[in-house]
There are 2 protein chains.
Amino acid sequence: MYSAEYLKSFVTEVLKKIGCSDKDAGIVADVLITADLRGIESHGVIRFKDYFELWKNGRINVTPDIKITHETLSTAVVDGDRGMGPVVASYAMNVAIEKAKNAGTCWVAVNNSNHFGIAGYYSMLALKHDMIGIAMTNANPLVAPTFSIDKLLGTNPIAVAIPAGKQPPFVADFATTPIARGKLDLLSKKGLKASTGFVQDKEGNPSDDPDIIKKGGTMLTLGGDREHGSHKGYCMSAVVDIFSSVLAGANFGPFVPPSVAFLPVLEKSVGKGTGHFFGAMRIDAFQKKEDFKKKMDEWIETFRNARSAKEQSKVLIPGDVERELYEINLKKGIEMLPVVVGYLKEIGKSAGVDFIKKR
Amino acid sequence: MYSAEYLKSFVTEVLKKIGCSDKDAGIVADVLITADLRGIESHGVIRFKDYFELWKNGRINVTPDIKITHETLSTAVVDGDRGMGPVVASYAMNVAIEKAKNAGTCWVAVNNSNHFGIAGYYSMLALKHDMIGIAMTNANPLVAPTFSIDKLLGTNPIAVAIPAGKQPPFVADFATTPIARGKLDLLSKKGLKASTGFVQDKEGNPSDDPDIIKKGGTMLTLGGDREHGSHKGYCMSAVVDIFSSVLAGANFGPFVPPSVAFLPVLEKSVGKGTGHFFGAMRIDAFQKKEDFKKKMDEWIETFRNARSAKEQSKVLIPGDVERELYEINLKKGIEMLPVVVGYLKEIGKSAGVDFIKKR
């Protein structure tokens with residue numbers, strides 16, 4: 001068990017050693033450890049190795065000159081100058097929030113960025129400003145559109161955070177595939193099969209092999225197959241990709257750069273780096289704040305009080321599970337696989353910062 | 001077979017007889033017949049009976065005073081004054097387009113409206129202005145959120161239309177359930193079973209009975225069950241509902257009024273009528289128009305040229321099928337079930353407009 005505080009200070013110290021500003025180092029640490037606290041380990045400190053290796057390979061710039069390259073009253077395009085994803089994304093989301101104060105809403109498309117961690121983090125930055133926050137990103141290609149066997153899309157997540165009054169906020173944060181990539185690896189490690197609709201083999205036959213991607217297979221979009229609505233998952237994933245790439249000036253679909261250093265840089269590029277898309281909408285640009293929050297509480301209570309199906313859990317509001325885990329993990333500490341502890345020790349050694357067992 | 005032209009003129013004449021302005025009558029006719037032309041019969045002229053009956057019952061206002069009740073640079077709230085959905089929705093989408101010309105984007109939340117037909121129609125209004133159009137609506141409750149057996153959500157569709165250059169535009173228009181409500185009726189009429197993940201019985205057990213909703217069952221969100229990602233379909237559907245209701249001042253989830261006259265007005269109301277949410281984003285608020293369109297063509301061509309899975313169709317771009325059907329049906333005419341022809345004759349008789357067999 002490691003305390004969130006210790007892990008944050010370790011990541012921050014390492015990043016400062018390799019040239020990040022104090023502020024940028026703190027942001028990356030906060031994004032990664034917030035993912036662990038919220039129970040999304042696949043996007044937590046486990047990713048620090050990839051960020052570190054990409055920096056070592058010259059594919060991440062730790063002193064980026066992030067800037068707005070184009071704007072209107074309610075939009076901006078941000079060039080991330082190959083910075084760490086969390087640094088670029090936080091900058092862009094803050095641009096959206098600041099400009100929404102004047103225009104009511106603001107929408108920021110980002111190019112030249114990298115893997116940004118959990119989308120929910122950025123959407124939640126809007127909450128304390130009484131705004132709805134939206135965040136999405138494209139990601140390296142693993143997913144085939146309906147009818148295809150080609151990896152043209154990433155798991156392309158969408159996050160929407162909506163403030164409430166007495167109730168905690170609504171925070172949806174989900175990939176546009178039935179499951180996350182990391183969960184396939186977990187199934188494989190446990191010797192379990194993948195459920196119908198998760199993956200297909202290289203010819204497009206249904207498969208239950210969680211390792212099928214290594215054998216030329218692909219992941220499928222939410223819905224699984226055409227009959228069960230995979231074309232709707234494809235639509236959503238495509239919209240996330242287009243907003244994050246064509247609108248942003250970043251690479252689209254199959255040309256999104258790998259987020260791990262062991263995969264080579266792609267030969268063809270159709271834009272700059274990885275792309276994201278953010279939105280901030282002031283709730284009082286639509287309704288009186290108090291009215292909105294009261295009604296949002298009523299919405300949440302209506303859903304929370306719904307009847308459960310036989311032998312099922314109570315109805316959850318998006319964000320419930322992650323918020324509860326956050327509180328638990330903050331007290332209890334974060335459990336890490338030995339292999340992740342190994343990564344951190346290795347990184348620490350390489351950067352000259354001791355990783356010590358704590359808590 | 002009936003020509004689109006004839007059906008439009010019939011609907012227009014009837015609506016003028018009952019008090020609609022020429023312009024409003026033309027809009028409703030265009031929205032309904034466009035759905036038939038695009039092959040979405042469930043939202044076509046078949047719905048005219050419901051609109052007509054709701055008017056007869058005093059639940060639709062054919063001379064609405066639609067107005068903006070609140071606005072900022074990039075937002076507006078529109079009160080539809082109980083008008084026909086297509087009239088209110090067209091007004092609101094045009095507000096979004098006009099305000100986006102100045103602000104870069106605009107987002108319009110609508111209350112006090114009714115069933116608006118196909119979401120895609122409104123999103124596509126943005127295309128000729130070189131804007132991305134977004135449309136969504138809540139709908140009468142038929143769908144249970146993950147883990148529940150209560151009808152708390154509608155089929156809540158989302159449409160996104162994105163301009164391209166030489167390629168036709170990308171037009172996604174999809175419900176946040178695996179299938180549309182109307183398709184269940186179709187399965188029942190054909191004596192077929194519903195696939196896994198479409199519906200559940202009143203206790204929450206999986207069901208293959210396409211008539212289960214009449215027996216206390218519910219539809220399920222995209223994904224079907226928790227294992228296959230139904231919580232992601234629930235998140236999407238919830239976001240559509242909240243934007244269209246809490247943000248708009250309309251009724252949410254279980255309180256959305258029925259879109260058919262044979263169901264009674266609900267006892268409890270938590271807002272005004274049915275709600276919608278629209279967005280318009282100028283593409284040149286992000287990129288140079290020409291660059292965007294060229295890149296969008298490249299996106300489309302990349303997907304169109306992807307390899308198909310074994311025994312599957314070529315990869316489709318959202319909107320392809322509907323656009324092809326539109327061209328075919330415009331020439332060939334629109335086929336209608338005898339029952340729909342019956343409705344139209346009945347409406348015609350009631351309004352004093354002859355419905356004659358034509359082509």
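This section describes how the two chains of a predicted model are related and how their parts pack together.

Two copies of a chain are related by a rotation about an axis and a shift along it. In the present case, a turn of 180 degrees with a shift of 0.0 Å along the axis lays chain B on chain A with an RMSD of 0.0 Å. The two copies are thus related as by a two-fold rotation axis. The residue of chain B that comes closest to this axis is B:G223, whose C-alpha atom lies at 2.5 Å from the axis.

The contact between the chains draws 69 residues from chain A and 69 residues from chain B. On chain B, at least two residues of the side that touches chain A come from each of the strands β1 (67-72), β2 (75-79), β3 (105-113), β5 (158-162) and β6 (170-174), and likewise from each of the helices α7 (230-244) and α8 (289-304). The greatest contribution to this side of chain B is made by α8(B), with 7 residues. When sorted by class, the side of chain B that touches chain A comprises 37 nonpolar, 23 polar and 9 charged residues. Of the interface residues of chain B, 100% are also interface residues in chain A, so the copies meet through the same surface.

Within chain A, the domain assignment distinguishes domain 1 (4-178 + 220-285) from domain 2 (179-219). The C-alpha centres of domain 1 and domain 2 of chain A are 25 Å apart. Their contact involves 14 residues of domain 1 of chain A and 15 residues of domain 2 of chain A. On the side of domain 1 of chain A that touches domain 2 of chain A, 7 residues are nonpolar, 5 are polar and 2 are charged.

The packing of individual helices was examined next. Two packed helices are described by the angle between their axes and the distance between the axes. In chain A, helix α1 (residues 4-17) and helix α2 (residues 22-37) pack at an angle of about 145 degrees, and their axes are 8 Å apart. The crossing of α1(A) past α2(A) is right-handed. Residues of α1(A) in this contact include A:L7, A:V11 and A:L15, while those of α2(A) include A:A25, A:V28, A:A29 and A:L32. The contact of α1(A) with α2(A) contains 10 nonpolar, 2 polar and 4 charged residues.

In chain B, helix α1 (residues 4-17) and helix α2 (residues 22-37) also pack at an angle of about 145 degrees, with 8 Å between their axes. Here too, α1(B) passes α2(B) in a right-handed crossing. Helix α1(B) also packs with helix α10 (residues 338-351) of chain B, at an angle of about 35 degrees and with the axes 10 Å apart. The crossing of α1(B) and α10(B) is left-handed. This contact joins B:F10, B:V14 and B:K17 of α1(B) with B:L344, B:I347, B:G348 and B:A351 of α10(B). Of the residues in the contact of α1(B) with α10(B), 5 are nonpolar, 1 is polar and 1 is charged. An α-helix has 3.6 residues a turn, so residues three or four places apart point the same way.

Finally, the span of helix α9 (residues 320-332) of chain A was considered. At 1.5 Å a residue, its 13 residues should span 18 Å, and the end C-alpha atoms of α9(A) are indeed 18 Å apart, so the two values agree. Just after α9(A), residue A:G333 adopts a positive phi of about 100 degrees.

Notes
Residues numbered from 1 in each chain as written. Chains lettered and ligands numbered in written order. Predicted model: local features only at pLDDT ≥ 70, side-chain atom pairs only at ≥ 80, totals over all residues. Contact = placed C-beta atoms within 7 Å. Helix = DSSP H or I, 4+ residues; strand = E, 2+ residues; numbered from the N terminus. Nonpolar A, V, L, I, M, F, W, Y, C, P; charged D, E, K, R; others polar. Domains from an automatic or database assignment. Expected span 1.5 Å × (residues − 1). Axes fitted to C-alpha atoms, helices over the stretch in contact; angles between N-to-C directions. Left-handed = near helix turned anticlockwise from the far one by under 90°. Least-squares fit on C-alpha atoms with pLDDT ≥ 70 in both.
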